[in-house]
Amino acid sequence: MRYLVASGLPSADLPRGCRVAADGEFVSLEQPWDFGAPVIAQVDDGADLGALKAKPGVTAFTVEGQLPPGEGKAFAIGAHKMRDAEAFKPYIARVPAVIAPYGCRYIARGGAVTPICGAFTPDRLVLMEFPGADDIAAFYFSAAYTPLLRIRLTATEPRFVLVMREGPVPENARRAVADGLARGHASL
């Protein structure tokens, strides 16, 4: 099972053999995700992903999946360029226990990333499914996550994006993200 993350492409323009998991509104919590709105799709064997190369302005890559999408209403994309893989190991070991209380399901975690096209391909990609956008914001800005976030921000060139399965980001989650970002991770 593979997942495609494509930006700058309406989900209706995905190649045959791609099933949309999430294509709603998105919010970046770290470095700008300036490649266009992300779409997360499951990829069937035989899907013609090479067709994406002919579409201007598209950034796309795949990653090996672990689980099919469930019933969650919000997804998070953690897409990182590694600065220090050794320093990142404590983060990898400790984050599952911190994120579990927020209903996270890893649908892809750290598998090989295959570039398809575009300006950005992460070294490491994690796709997480949550019950809702509030759960992502609560996890990301939690006191328990702060020391791990410090590791991730130091060991990687980080990108963390909240993507709704469909539709807009709920106002309460949008406010929680804006308030958390305005505080600027002061405890880091």
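One cavity of 30 Å³ or more is present in the structure, which is a predicted model. The volume of the largest cavity is about 120 Å³. Its lining is made up of 14 residues. Those closest to the centre are His80, Tyr91, Tyr106, Val126 and Met128. Four elements each contribute at least two lining residues: strand β6 (74-82), helix α1 (85-99), strand β7 (105-109) and strand β9 (124-130). By residue class, the lining of the largest cavity comprises nine nonpolar, three charged and two polar residues.

The cysteines were examined next. No disulfides were found in a search of the whole structure. Cys117 is unpaired; the nearest cysteine sulfur belongs to Cys18 and lies 12 Å away. A disulfide requires the two sulfur atoms to be within 2.5 Å, so this separation rules out a bond between Cys117 and Cys18. Cys117 is buried, because its relative accessibility of 14% falls under the 20% cut-off. Cys104 is also buried, with a relative accessible area of 16%.

Cys117 also appears among the contacts of Thr59. Thr59 belongs to strand β5, which spans residues 59-64. Its relative accessible area is 6%, so Thr59 counts as buried. Beyond its neighbours within four places in sequence, Thr59 touches residues from several parts of the numbering. These contacts include Val5, Ala6 and Ser7, together with Phe35. Gly118, Ala119 and Phe120 are also in contact with Thr59, as is Cys117.

Terms used:
Residues are numbered from 1 along each chain as its sequence is written. This is a predicted model: local features need pLDDT of at least 70, side-chain atom pairs count only at pLDDT 80 or more; totals for chains, interfaces and linings use all residues. Side-chain values use heavy atoms; hydrogens and water are left out. Buried means under 20% relative accessible area, exposed over 50%, partly exposed in between (1.4 Å probe, protein chains only). Contact means heavy atoms within 4.5 Å. On a 1 Å grid over the protein atoms alone, a cavity is a set of points where a 1.4 Å probe fits but cannot get out, and a pocket is an open set with protein on both sides within 12 Å along at least five of seven lines; lining residues have an atom within 4 Å of a point. Grid points are joined across faces, edges and corners, and a volume is the space filled by probe spheres set on the points. Ala, Val, Leu, Ile, Met, Phe, Trp, Tyr, Cys and Pro count as nonpolar, Asp, Glu, Lys and Arg as charged, and the others, Gly among them, as polar.
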